[in-house]
Structures are given as structure tokens and as C-alpha cells.
Amino acid sequence: MIRSVRPLANASTRIAKRSLATANSDLIAIELPPSSFEGYNLEVPELNFETEKETLLKMYKDMIIIRRMEMAADALYKAKKIRGFCHLSVGQEAIAVGIENAITAEDTVITSYRCHGFAFMRGASVKEVLGELMGKRSGVSYGKGGSMHMFAPGFYGGNGIVGAQVPLGAGLAFSHKYRGQKAAAFTLYGDGASNQGQVFESYNMAKLWNLPCIFACENNKYGMGTAASRSSALVEYHKRGQYIPGLKVNGMDVLATYQASKFAKDWAAQGNGPLVLEYETYRYGGHSMSDPGTTYRTREEVQHMRSRNDPIAGLKATLLDKGIATEDEIKAYDKAARKYVDEQVAAAEADSPPEAKMDILFEDVYVPGSEIPVLRGRISDDSWDFKNKTFLNKVY
Amino acid sequence: MAPKLSSVAKTAQLAASALRNNNAVTRTLRQSGQFQALRMMDGARAASSTAEKKTITVRDALNAGLAEELDRDDDVFLMGEEVAQYNGAYKVSRGLLDRFGERRVIDTPITEMGFTGLAVGAALHGLKPVLEFMTFNFAMQAIDQIVNSAAKTYYMSGGKQPCNITFRGPNGAAAGVGAQHSQCYAAWYGSIPGLKVVSPYSAEDYKGLIKAAIRDPNPVVFLENEIAYGETFEISEEALSSDFVLPIGKAKVEIEGTDITLVAHSRTVKFCVEAAATLEKQYGVKAEVINLRSIKPLDVPTIVESVKKTGHLVTAEAGFPAFGVGSEIVAQIMESEAFDYLDAPVERVTGCEVPTPYAQELEDFAFPDEPTVVRAARKVLGL
């Protein structure tokens, strides 16, 4: 059966009203600039919308906490309290915050290794995130995963293999549909991952089976040290889905990311199948803590983005502009966020790592109760016997 | 003409008959804790049997197991190339689309990496996919999803994120399908902590183990064999019931013996069974044949108990020799108390260390067969 090409999606995808508001709450009118969106076989979301004052304040607080948390991670890494890989999202906060405020607990989110902000937004505390980075037992993955492997309810990581999370996200969407849920799976990947074959395999199945999968490219212009134009024959990532409608979004404006994410969630929930979003964003830091981020781009470029396009500064300007908060109130929020994160850092630092015991090492390889009888240690004596809960201590 | 016995084998035979006939020796064995070995040597112990046995092909047994699990749990679904409308590339999923519908039985495009990741994602969300690879050769394209996304996730999440998925499909050689379509992956998957790996031989194995694999909350790799699909086995009433589940990790002693242990998995078990008959008929050797059923976990205790009884061991598999299942068994025996009971070094029978050739005259050398197992047994016994 040959399916006809889908006609241009029309504005009948109305964005459902979301309300955190109490009866007394103010509704604020937002007018996004036309440069916020660019559609591909898609009518873009409304530039003008209303949202609650509370939502705007919450988004501001979310972003400054993530910013502070990532900066704390930076400091802890330099103090050698965090080991291995650490990929920070400083500058990209508007995406995690915009998405979370647009979705519900039933929706699902999956991303790559640049995942700390998402883990926080989906419910992990700052203490749990930083604790995991420092390898503490109280970390969000009990110290077993590290920076790249954080999980929370409705958040499927934290994935270390570039692009592998994209088919996983299509699978989350498959499960939503299988179960008859009106939920969406936000499946994030970077400009570097966007050329992976498995991404296109996922596009194909999502479109074929009409899965509620929101493919979302966080295009921060660089895949590690490689500029997007050096890796991608087509840098308009919202068009890469070819037969899937696409939407490019100004990822440095949380109001745009919020509106786009609401649109995408409702698109999926109304049974329209997949979308390909591109959140245009920027990371101030390097690819990871091992990368200064200055060998492949100029300091002027980084400075320009920081001073002209910062998501936190942008929302702050809106809050002041619309009279939602005063300069002093915002200073107070900043101070409260800094204090909160400092407390969480101290609490996480004070926590202990997993005990250096081999039986803890062997936990969670298999689901408890279904373990294989023995897991071998470095020598046969160190093998752990799950039935007798002891070491084999083999006697010849 | 009586077969020529080496002094080692002669000793072994004398010891074996002494154990059977000499009460003083028996008492000593009991005292030294060898009672289990003695009990196993009691040839009068009957194998399980019923008056009249039904027969079934492996294909039908597998089909029945899949249907029962689809019926039992709505979270279970089957996905793979040609599993639905084509009724399965090897007809294993015949009739399942008609019975359960297209929500439960899903045809995929030819995109292994993508659909494997999709199935793993569905499993992370709580569904219980049964993912078919047309052969495990094609699963190499998806091995990152099997190992890094499925097997390791429960551990990396500190026990928060389980992944109940079953990967199944033909593994190892078919007949004349060439090098890219003939590899055995038991050793590769068997080395991964977080996976369970199962390799059935008989129809009963296939039925009981596919149900166990689907119900197991961990990712399970279920290695089938294309030639086995058409083979017929006897099957008990008990095995035909929809409650029949075999435990993962328990090997089966297919034939009890006293003189040498032959250990194998999947189709190679058949050659060991045939070799045991030859060894008995031509050399008077009673071989014990162990069907591993499970690669991970490997039922080392069963092998150890057998070697303590027979003192001789041959492993047999169709996979490449280097770093294989046989290598692992030999290492485990060396590290166990069975080492002291070995009267001869262990010999491995494996696939030949070449990419599988096409011409039958050459392909016949690429994989074990009954004469090769007999040759290895004779070498170990010094016959």
C-alpha cells in the first residue's frame, strides 16, 4: 500500500493550555520574535501565547540551579573529586527546562551523555547528581554509573554511545503507543550524532509506525572539536527527517523552547506521529572537561554567545520587562539558588562512596533473585556465590 | 579384536569396575565424601520415561513456547524481519500474526541496529520484547545495543533500570550458506556480565527455555540452530504443557556414563550422543553426554561432578576454537577440584579455524561431526 505524502501540517494542532496557576495567578502574554521558529513541511507554533507568572519564575529558577550545578561540577572536576568523563551543559539550560515544563510525568525523555540538567529536571536532586559524579553511594545510580549514566523516573539516561539513544527513544515511543498512552518520547541527540545511521533507521520506523517520538537535535554547532559544517552535508538538522515534518527552534530562548516543546508534545499526543526538532543552542564550555573548547572556535565567538544570547539573561530581561520580578527579587533568587547548590554540594561531598567490598561490586549485574549462581572475580577465589552469599574461596 | 588400551585407560577401567563391585571400596568412597559420584554410577537408575512418548519438531516446540508466552502476558511481543506476514523466515512464528494480531507480532525493516535499539527501549519502558534476528550473524550490526544498551544498563543505573528482553534467532552453521552466514556467537555473548545466554538442543529444551528466557527479567540471548528446526524429538506430556519452564543454568545429562565425559551445546550434542553409541559399540566405553543448555551461566558443577566420576573430558562445539566455550570449560575445570580427577588432559572439539567454506567437501571439515568426537574421545582415553 503506497502512502501519499503527508500534506503540510496545519494549525489545527492547537497547543493545550497548561496551568500551574491558582485562581489569582497572572497570565502573562508572550510574543516570540519570528526568528524563533522555522518550519519544514510544518506550520510553526504560534509566536504569541499566554503562560502563568509562576511558570516563568519556575523556569528561571530551574535554569539558574542547573547553571550553578554544572559550574559546581566544573569546580569539583578541577579539584579532582570527579573522575573520568564529565560533559557539561552550561549555555544549553533552556532546552532541558523548556521541555520539562511542557511535559508530564507520563512522557519520557532520553538523551546522550550531556545529561545532568535533564536528570535534575526529571526528578534527581542536585545532591544525587553531584553525588553520582563524585562516585558516592547516595548518587543517583548508587555510584555505579558516573556522569554518563544517570536515570530518573521517566528519564532513560544518560547514554555513552553516540547515537545509540535514538533507537532507544523510538522504543520508548513504541511502548507509549503499544500501551495506548497519549504520551511523547523526547529523544535528544547532538549535531555530531545526527549523521549516525541508526538515527535514520529510527526516523524510518517512527514514521512507518506513527510513533509519538519527538526527535530533538541539540545543535550546539560542534561535535566535540568538529564544526557542524565539517561533519554534515546538510546542517539544517530539522530537515534531516526528510518525510517527517521538522521545526527549528531558538534553543537559547527558554520561551521558544517551551512553546516548541508544548507543540511537539501535543503533536505526538494527538496521534500525528514523529517530529524532528532542532534546538539551536551553544555550549560555553568544551565538549567535556578534557577539552578547553578554544582550539576549534574563537574566544570572541564564545563571548558573543554568552553576552548576547544567554538563556538565563534572556529570561531575566523578560521578567524585568513584564514586571514579573524586580532586580532585587531576581538577585534574591540567584542568591537562593547559589546557596541551595552550595548546600547540596557540601551534602554530597560529605556522603560516603560505596564500601570497597567485592560483594557490593557484584550487585545489580542481574535483577536480584535472578542472578546467575557465580560471578567470577579477578582470581577464582574472589568469585561471588549468589546462592550462599559468600566468596568461593576455592580449595584445590 | 580387543581394543588396545593405554596403561592409563586400563587403570581407569579397573578403577571403574572396582567401584561397582567392591564393597570395601564403596565404603571408603562414602567416607571420603564420594557418595555422590558413587550414586551417579549406579546404572540401574532409570532415565525418566513414560509409557508412550509424543514427538514434535523443534520448530513446532518453539512456536508453541512463543504462543504460550504471548498468550500469557500482554507485555510480550514478537518483532523481527518477516516474523509476521511471512510467518517467519524459517516458519518459527507460523500462525502467530493470525492468532495475536499486528500489535503483538511486528515485521521490521532491514535495520538491525535501529530495531534492536527500539526493542531495547521498549524493554526499558517495561514491555517484554522477543526480538528475532534472522540469524545472529546480522546481530553483529546491533551488538552495541545488545551489550551496551541492554546488558549493562541495570548495573550502570545501580539497579534502577531493568531490561526484560529476549534476543533469539539461528546461530552457527546452516548448510552451504558461506562464511558470513555461519558463525557461532556463543562465546562472544557468553563473556558479557549482565546477559544470560541459552543454547537449546532438543525440542523440550527449546520449549522450556524460550519460556524461561521470556520470563527472565534480564536480557537473554537465545541461540537456536537452523538445521535443528526441522528435527524431530520425543517430548513428554509434561513438556507439552503451558506451565513447562526449564531453569536457565542447569545442564542435562543426556546419557549417563562412567568412562569419559562429553560436553556440548546445541546441535553438537547430537554428535556426542551418536559418538557415545559408537564408543560403546566399538570400544566398550561408556560415555556420559552432557547437554549444556546454558552458556551463561555455565553449569560448571554438573561438569565437575561428571569429570570426578569419569576422569576424562572432551568438550565439543561448533564455534571457532580460539577463546571459545570449550576454552572456558577447560579453564573452569583447571580451577576446580575436578583437576585432581583428570586422568588425561582435556581435548576440545571445535569448529575449524577458517571462515566457513562453501563447497560441501570443505564445509564438512569446518564443523564437528560424530567421527571427530569419537577421535577426540579415543585420544583422551588412549584408545
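## Worked exercises on a two-chain model

Let's start in chain A, where Glu349(A) sits in helix α11 (residues 327-350); helices here are DSSP runs of H or I with at least four residues, strands are E runs of at least two, and both are numbered from the N terminus. Keep in mind that this is a predicted model, where local features need pLDDT of at least 70, side-chain atom pairs count only at pLDDT 80 or more, and totals for chains, interfaces and linings use all residues. Residues are numbered from 1 along each chain as its sequence is written, chains are lettered from A and ligands numbered from 1 in the order in which they are written, and side-chain values use heavy atoms, with hydrogens and water left out.

**Exercise 1. Work out how exposed Glu349(A) is, and how far Gly131(A) lies from it in space.**

Step 1: get the cut-offs straight. Buried means under 20% relative accessible area, exposed means over 50%, and partly exposed is in between (1.4 Å probe, protein chains only).
Step 2: Glu349(A) comes out at 31%, so it counts as partly exposed.
Step 3: Gly131(A) is 218 residues away from Glu349(A) in sequence, yet their C-alpha atoms are 7.1 Å apart.

**Exercise 2. Check whether the length of α8(A) agrees or disagrees with its residue count.**

Step 1: the expected span is 1.5 Å times one less than the number of residues.
Step 2: α8(A) covers residues 254-269, which is 16 residues, so it should span 22 Å.
Step 3: its end C-alpha atoms are 22 Å apart, which agrees.
Step 4: look at the surroundings. In α8(A), 16 of 16 residues are buried.
Step 5: check the ends. Asp253(A) caps the N-terminal end, with a side-chain oxygen 2.9 Å from the backbone nitrogen of Leu255(A). Just after the helix, Gly271(A) takes a positive phi of about 85°.

**Exercise 3. Do the length check for α10(B).**

Step 1: helix α10(B) has 13 residues (203-215), so 18 Å is the expected span.
Step 2: the end C-alpha atoms are 19 Å apart, which agrees.
Step 3: 12 of its 13 residues are buried, among them Glu204(B), Asp205(B), Lys207(B) and Lys211(B).

**Exercise 4. Find out why Cys115(A) and Cys352(B) form no disulfide.**

Step 1: a disulfide is a covalent bond between the sulfur atoms of two cysteines. The rule used here asks for a pair of cysteine sulfur atoms within 2.5 Å.
Step 2: the closest cysteine sulfur to that of Cys115(A) is in Cys86(A), 9.4 Å away, so it is too far for a bond. Cys115(A) is buried, at 0%.
Step 3: for Cys352(B), the closest cysteine sulfur is in Cys184(B), at 15 Å, so that is too far as well. Cys352(B) is partly exposed, at 34%.
Step 4: over all chains, the count comes to 0 disulfides.

**Exercise 5. Say where Thr302(B) lies and which side chain it contacts.**

Step 1: Thr302(B) belongs to helix α13 (residues 300-310) of chain B.
Step 2: at 14% relative accessible area, Thr302(B) is buried.
Step 3: its side chain makes a 2.6 Å polar contact with that of Asp299(B). A polar contact is a pair of N or O atoms within 3.5 Å; within protein, one must be able to donate a hydrogen and the other to accept it, and residues adjacent in sequence count only if both atoms are side-chain atoms.
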